[in-house]
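Here's a quick walk through one model, written for someone who likes to know the cut-offs. Have the viewer open as you read.

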Amino acid sequence: MSKRGERLQNRDARGTRRTAAQRAGDRPDGPASPSRAAVWFKRLVVWGGALLLLAVLFVVCAVGFAAQSLPSYQELKATQPGQTIIVRARDGRELVEIGPSFGEWIDYRDIPENMTNAMVATEDKRFRSHWGVDPVRLTGAMVEGITGSRKRLGGTSTISQQLARNLFLNNNRSLDRKAREAVLAMALEWKFSKDQILELYLNKVYFGGGAYGIDSASRKFFSHPGTELSVGEAAIIAGLVKAPSHYSPTADVQAAVDRAKVVLSLMREQGYISADQASVDVSAVQLKQQDGQNSVRYFTDWVLPQLDIILPETNEPLEVWTTLDIGMQRAATASIEANTPKGAQGALVSLDRDGAILAMVGGTDYVASNYNRATTAMRQPGSAWKLFVYLAALEAGYKPDDRVVDTPVTIEGWTPRNSSGRNVGETDLRTAFAYSINTVAAQLGNEVGFGTVASMARRFGVSSKIDTFPSMVLGSSEMRVIEMVQAFAGIAAKGVPVEPYGIVKVTGASGDVLYSRQPSKSAAAIPDYVAAGMTDLLQAAVQTGTGRAADIGRPVAGKTGTTSSNKDGWFIGFSSGITTGVWMGRDDARAVPGLQGGRAPAQAFAAYMRFAVKNRPVEPFDVTLTLPDWQLEPDEEAMFGEPDDYYYIDEQGNMVEGGRREPGQPAPFPPDGERGPNPPPAASQDFLEQATGGALPQAGQRPPPREPRDPRRAPAPQPTFRVPEQ
């Protein structure tokens with residue numbers, strides 16, 4: 001080729017002369033120009049490396065700043081979250097500890113090696129090699145998140161991360177929380193040694209049952225300090241961290257044992273223990289007996305919310321001294337468990353003579369159901385309600401020996417029937433009550449007034465809604481067990497209302513008394529002869545009537561109660577200053593075959609009371625009726641007191657206290673001698689005889705004996721008395 005042709009070949013299509021490098025690309029063996037992908041890859045590597053370097057620098061700075069702001073080791077040791085409340089029985093023994101429980105702090109050198117090895121093997125096997133975050137576990141978690149696989153075992157959090165979360169963060173699963181957790185974990189590794197981190201972790205991690213730290217867990221579950229843990233015990237404790245509420249020995253012993261076997265297997269795989277040690281029988285580990293912990297929680301759940309009322313707001317640890325008797329609580333629990341029919345529930349409340357709660361059982365199993373049937377459930381009391389009907393009748397002038405007639409009766413379209421299906425005719429009041437004759441109770445309630453019966457229940461502390469339909473005399477209104485027991489306790493106290501209570505005093509962390517209960521002062525709600533007559537009737541119900549199964553070999557007064565179709569069974573009674581009520585039935589209010597108040601509830605009452613009164617002297621009942629010379633108006637008798645105290649009865653029959661007259665306030669009626677020369681005339685004797693249906697007895701005379709009541713004879717119209725207008 002000529003030189004001219006060669007020059008033309010070296011020019012491109014535009015006539016521009018190409019360089020030697022460009023011409024070299026035309027040759028098959030010359031260097032190729034880089035592709036666009038290669039260029040972008042190079043740029044990605046450069047920029048990615050720069051961003052990674054900046055990220056590392058940012059993380060290092062964040063970790064450094066976090067490490068500088070962390071509290072000192074001593075400050076972290078002293079930090080304890082939450083408020084601890086220790087509930088004590090009447091003899092000072094600990095019933096239960098509510099809230100976080102912290103044992104003695106154990107230094108790392110005193111922690112059993114089995115315990116540290118078990119925790120590391122279970123929670124973080126690369127604990128000694130990572131810097132707070134385990135890259136292997138983190139990578140596995142990322143792969144799992146992308147692929148959706150669930151083959152990876154365990155969580156992503158290291159021991160350091162768990163400690164950071166327990167000390168500074170919450171348990172939400174947000175990405176922000178996980179990032180902060182990682183930074184704080186690395187800050188902990190920056191500032192403290194591995195041994196210090198493990199010491200903090202083992203003394204602060206939650207192991208269930210309110211126990212924080214291995215010493216608290218060891219004392220709670222094994223009854224000895226955390227410095228004495230065996231291999232099997234260490235495996236049980238290490239296994240709790242994953243799910244304390246599920247694997248806790250107090251909740252499920254078998255679940256705790258199964259989890260401990262997994263821990264022993266991991267320790268064997270990682271070389272911490274031998275094959276012989278790995279085969280230890282953890283089911284043989286002696287667990288601490290949780291005596292009474294099950295049923296005691298019904299009582300503590302009822303009593304502890306009262307602290308919000310009797311104490312100012314405080315976060316300091318508290319000790320609550322209660323009225324509960326441990327021995328009686330165990331006896332009450334055993335009696336309910338042994339006598340409650342299969343498929344039913346049972347409840348028991350026992351009060352001392354001043355209202356102190358000695359025992360409370362709200363169900364057959366607190367773990368299965370923490371619903372407190374003793375203080376919350378509303379159930380019909382059945383014939384146990386006749387207490388108030390007969391109290392009203394006794395106050396109206398009846399006596400236990402008065403004659404009454406058991407005959408069919410219809411009141412406002414309602415026709416009660418006796419459980420026996422027959423009527424016995426003429427009988428006395430004592431027998432009618434002892435055998436729980438419904439028609440007699442209906443006649444009495446109709447005669448004294450259903451509102452009067454409701455008012456009587458109010459006097460003795462019943463606060464639930466009371467219907468005043470005729471059927472109310474047979475217990476159609478729903479009541480709480482504790483209310484009914486409270487009312488019977490008032491009869492045992494000779495007519496003085498009793499208020500149930502469970503807290504005696506509360507002390508703070510330094511031992512200072514924050515609350516101390518003062519004895520309450522109550523006036524009698526009924527005259528003493530009415531209380532004596534009612535005790536006579538209640539004693540007859542146990543001696544000869546429906547409550548014979550409640551006999552314990554000493555004086556007992558009580559009453560059975562059974563609702564329609566055997567849906568509820570009751571027995572409430574008292575002896576030697578202790579009043580106890582038992583209820584049994586189903587939560588869904590379905591019938592329980594064979595459930596009657598005089599059977600299982602009365603038997604449970606007797607089983608408990610034999611233990612409860614064994615160390616108390618036998619107390620015969622005072623059933624002597626010392627009536628006044630002439631029968632006063634019942635309300636006036638019941639309300640004897642200061643002359644300035646006065647009461648009204650509302651439309652529902654509830655007693656309303658008017659209050660005491662303030663100094664200087666004029667009296668409703670001028671006293672005698674100040675009414676002027678012409679006082680208003682009193683009602684004539686003829687008018688009073690007509691209004692009351694007969695001649696009034698003169699002073700020193702008793703009214704003539706009552707004739708048997710026959711409801712088939714139309715009752716005479718009853719006068720309506722009004723409070724004089726002021």
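What follows goes from the whole chain to a sheet, a lysine and a loop.

## Ground rules

This is a predicted model, so to speak of local features takes a pLDDT of at least 70 and side-chain atom pairs count only at pLDDT 80 or more, while totals for chains, interfaces and linings use all residues. Residues are numbered from 1 along each chain as its sequence is written, and side-chain values use heavy atoms, with hydrogens and water left out.

## The chain overall

The chain has 26 helices and 16 strands. Both are DSSP runs numbered from the N terminus: helices are H or I with at least four residues, strands are E with at least two. Of its 726 residues, 44% count as buried, where buried means under 20% relative accessible area, exposed means over 50%, and partly exposed lies in between (1.4 Å probe, protein chains only).

About 38,400 Å² is exposed by the chain, and carbon and sulfur atoms supply 52% of that. The areas come from the Shrake-Rupley method with a 1.4 Å probe; for residues, only the protein chains shown count as cover. As for contacts (heavy atoms within 4.5 Å), take those with a separation of 6 or more: residues 24 or more positions apart account for 69% of them.

## A five-stranded sheet

One open sheet runs β2-β1-β5-β10-β11, with mixed pairing. Its edge strands, β2 (94-98) and β11 (513-516), each pair on one side only. Pairing here requires at least two DSSP bridges between two strands.

Inside that order, β1 (residues 85-88) and β5 (residues 318-322) run parallel and are joined by four bridges. I86 stands opposite E319 in β5.

## A buried lysine

Which side chain of opposite charge is nearest to K386? That's D406, 9.8 Å away, and K386 is buried yet has no salt bridge. A salt bridge would need a side-chain nitrogen of Lys or Arg within 4 Å of a carboxyl oxygen of Asp or Glu. For charge, Lys and Arg count as positive, Asp and Glu as negative, and His and the chain ends are not counted.

K386 sits in helix α18 (residues 386-395). Leaving out residues up to four places away in sequence, K386 touches F433, S436, I437, N438, A441, V473, L474 and K559.

## Positive phi in a loop

Most residues other than glycine have a negative phi. Phi of S565, though, is near 60°, and phi of N566 is near 55°. S565 lies in the loop between β12 (557-562) and β13 (568-575), and N566 is also in the loop between β12 and β13. S565 is exposed, with a relative accessible area of 54%.
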